[in-house]
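Q: Could you take me through one part of this model up close? I'd like to look at the sheet and at how the ligand sits against it.

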Amino acid sequence: MYKIIDLDIKGDERGSLIALEDNSNIPFKIKRVYYIFDTKKGVKRGLHAHRRLKQFLICVSGSCKILLDNGYRQENIYLNTPTKGILLDSLIWREMYDFSRDCVLVVLANEYYDKDDYINDYQSFLKEIKTNE
Ligand code: T46
């Protein structure tokens, strides 16, 4: 359903640096990068799945939680370090919550933004899972 990827720190005595490169530590060609920040208290984001999109999420500052659901089981993951990323395949329902004030969630995607790739209704998501089996 997801894979946690440890990112190599290339830092030195001055501090830390992590590089993200497609087809190296990011297992797809990166077509789009966006970041979520300044999320208001108590807000839930996501609440959708993607038909085709694959994404890699890194919480580069602060923390948040993410609920992942593949239609059969659910897992809650705590994202609180810039040194690990989470690789999400398509057809995974996601809900992000408990954002700290300083949370910056960076997302790398293998496709350009396409609103038709979104499944915004949970029951429709379950139906699409069944038809893809
Ligand atoms: C996801 C989670 C982790 C764009 O114009 N371009 C973009 O590339 C994106 C991602 C969004 N938008 C617009 C669409 C909405 O008007 O930005 C607005 C907020 O997007 P959305 O409500 O989809 O944001 P989240 O935080 O609910 O979900 C986002 C991604 O959309 C989604 O792919 O997996 O982050």
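**The sheet and the ligand beside it**

A: Let's begin with one pairing: strand 5 (residues 64-69) and strand 8 run antiparallel and are joined by five bridges. If you want a spot to click on, take Lys65, whose bridge partner in strand 8 is Tyr97. Keep in mind that this is a predicted model.

Now step across to the other pairing of strand 8. Strand 8 (residues 93-97) pairs with strand 3 (residues 45-50), again in the antiparallel sense, over three bridges. Arg45 is a handy marker here, as its bridge partner in strand 8 is Met96. Strand 3 also pairs with strand 10 (residues 118-119), antiparallel once more, over two bridges. There, His50 has Tyr118 in strand 10 as its bridge partner.

Put those pieces together and you get an open sheet of five strands, ordered 6-5-8-3-10, with antiparallel pairing. Strand 6 (74-79) and strand 10 are at the edges with a single partner strand each, so one side of each has no neighbour in the sheet. As general background, strands in a sheet pair through backbone hydrogen bonds, in either a parallel or an antiparallel way.

On to the ligand. Several of the residues just named turn up around it: the shell includes Arg45, His50, Met96 and Tyr118. The rest of the shell is Arg32, Tyr34, Ile36, Gly46, His48, Gln55, Arg94 and Tyr113. By class, that's five nonpolar, four polar and three charged residues.

Three side chains are worth zooming in on for their polar atoms. Arg45 places a polar side-chain atom 2.7 Å from an oxygen atom of the ligand. For Arg94, an N or O atom of the side chain is likewise 2.7 Å from a ligand oxygen. With Tyr118, the distance from a side-chain N or O atom to an oxygen atom of the ligand is 2.5 Å. As for cover, the ligand has 660 Å² of accessible area on its own, and the protein covers 65% of that.

Which elements give two or more residues to the shell? They are strand 2 (32-37), strand 3 and strand 8. Strand 3 supplies the largest share, with four residues. So if you go back to the pairings, Arg45 is a good residue to finish on: Arg45 bridges to Met96 in strand 8, and a polar atom of the Arg45 side chain lies 2.7 Å from a ligand oxygen.

Terms used
Residues are numbered from 1 along each chain as its sequence is written. This is a predicted model: local features need pLDDT of at least 70, side-chain atom pairs count only at pLDDT 80 or more; totals for chains, interfaces and linings use all residues. Side-chain values use heavy atoms; hydrogens and water are left out. Two strands pair if DSSP finds at least two bridges between them. A residue is near a molecule or strand if one of its heavy atoms lies within 4 Å of it. A polar contact is a pair of N or O atoms within 3.5 Å; within protein, one must be able to donate a hydrogen and the other to accept it, and residues adjacent in sequence count only if both atoms are side-chain atoms. Accessible areas come from the Shrake-Rupley method with a 1.4 Å probe; for residues, only the protein chains shown count as cover. Ala, Val, Leu, Ile, Met, Phe, Trp, Tyr, Cys and Pro count as nonpolar, Asp, Glu, Lys and Arg as charged, and the others, Gly among them, as polar.
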